[in-house]
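Me: Please take a close look at one part of this model: the cysteines and any bonds between them. I am a first-year student, so explain each step, and then set that part beside the packing of the rest.

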Amino acid sequence: MAWSFRGKAQLGGLLLSLLGWVCSCVTTILPQWKTLSLELNEMETWIMGLWEVCVNQEDVAVCKAFESFLSLPQELQVSRILMVASHGLGLLGLLLSGFGSECFQFHRIRWVFKRRLCLLGGTLEASASATTLFPVSWVAYATIQDFWDNSIPEIVPRWEFGDALYLGWAAGIFLALGGLFLIFSACLGKEDVPSLQMAGPTAPPFYAAADESSDSFYLTTRPRNLFI
């Protein structure tokens, strides 16, 4: 199967969107949104995520889930909601973009409808990117504010960035790129799309008698266009 430029753009957008969606799901599950190291006990490290807080002591990790949603800081409450919404938007965008791409060929689906599906899927992927980058950046901003808060005594340990934040930023970038690729492919003209309908057989030349008045009888070709 020969891929057009539009098909390659769609495939790249789908792969980037899928990679970003998987990274976003992993980011939501990971507890390493914030890390805290104790100077008095270097072997003990605290990590906090959206769902639980854990204490790592050498090779042993003890985790405890948050008992109440309302007891969480405001940035973690909003992050929970937006990250779950990001998963739904990303998955729906992948499904719509897949049906609207050249990979999915169904003779009853018109090109205009497939184009709209691809455009809508790309828009949903871009929205999923925004709902991923916003909570991750908000948690990072709150961590920086608490770290440089002068009202907190210096002896008190400070929370720092966890690995999940960097993964969340990468997921948002992948989702944004995937959405842009899908939207760009939907904006391409129809002439870039290979025809899904096979051309009909070429009609044989139409022969007619050239002149019946003469003694010789011969055939001449008459051009005729065949419309299907």
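**Cysteines, bonded and unbonded**

Reply: A search of the whole structure turns up one disulfide. The model is a predicted one, and every value below is computed from it. A disulfide is a covalent bond between the sulfur atoms of two cysteines. Here the two partners are C54 and C63, with their sulfurs 2.0 Å apart. That distance passes the test for a disulfide, because the cut-off is within 2.5 Å. The bond also has a handedness: the torsion about the S-S bond of C54 and C63 is about 110°, so this disulfide is right-handed.

How buried or exposed are the two ends? C54 has a relative accessible area of 1%, so this residue is buried. C63 has a value of 41%, which means that C63 is partly exposed.

Next come two cysteines whose sulfurs are too far from any other for a bond. For C23, the closest cysteine sulfur belongs to C25, at 9.3 Å, and this is too far for a bond. Starting from C25 leads back to C23, the closest cysteine sulfur being there, again at 9.3 Å and again too far. C23 is buried, with a relative accessible area of 13%.

Both numbers, 23 and 25, fall within helix α1, which covers residues 5-29. Two packed helices are described by the angle between their axes and the distance between the axes. Helix α1 packs against helix α4 (residues 163-187) at about 155°, and the two axes are 7 Å apart. The pair is therefore roughly antiparallel, since the limit for that label is over 145 degrees. The crossing of α1 past α4 is left-handed. Sorted by class, their contact holds 17 nonpolar, ten polar and one charged residues.

That leaves the nonpolar cores. In soluble globular proteins, nonpolar side chains tend to be buried together. In this model the largest nonpolar core has twelve residues, including W33, L50, V53, L72 and M83. Helices α2 (74-100), α3 (111-147) and α4 each contribute at least two residues to this core. The largest share, three residues, is from α3. A second, separate core has five residues, among them one cysteine, C118, together with L14, L94 and L182.

In short, C54 and C63 are joined by a disulfide, while C23 and C25 have sulfurs too far from each other to bond.

Terms used:
Residues numbered from 1 in each chain as written. Predicted model: local features only at pLDDT ≥ 70, side-chain atom pairs only at ≥ 80, totals over all residues. Heavy atoms only, no water. Axes fitted to C-alpha atoms, helices over the stretch in contact; angles between N-to-C directions. Helix = DSSP H or I, 4+ residues; strand = E, 2+ residues; numbered from the N terminus. Parallel < 35°, antiparallel > 145°, perpendicular 65-115°, else oblique. Left-handed = near helix turned anticlockwise from the far one by under 90°. Nonpolar A, V, L, I, M, F, W, Y, C, P; charged D, E, K, R; others polar. Buried < 20%, exposed > 50% of the residue type's maximum accessible area, 1.4 Å probe, protein only. Core = buried A, V, L, I, M, F, W, Y, C linked by side-chain atoms within 4.5 Å.
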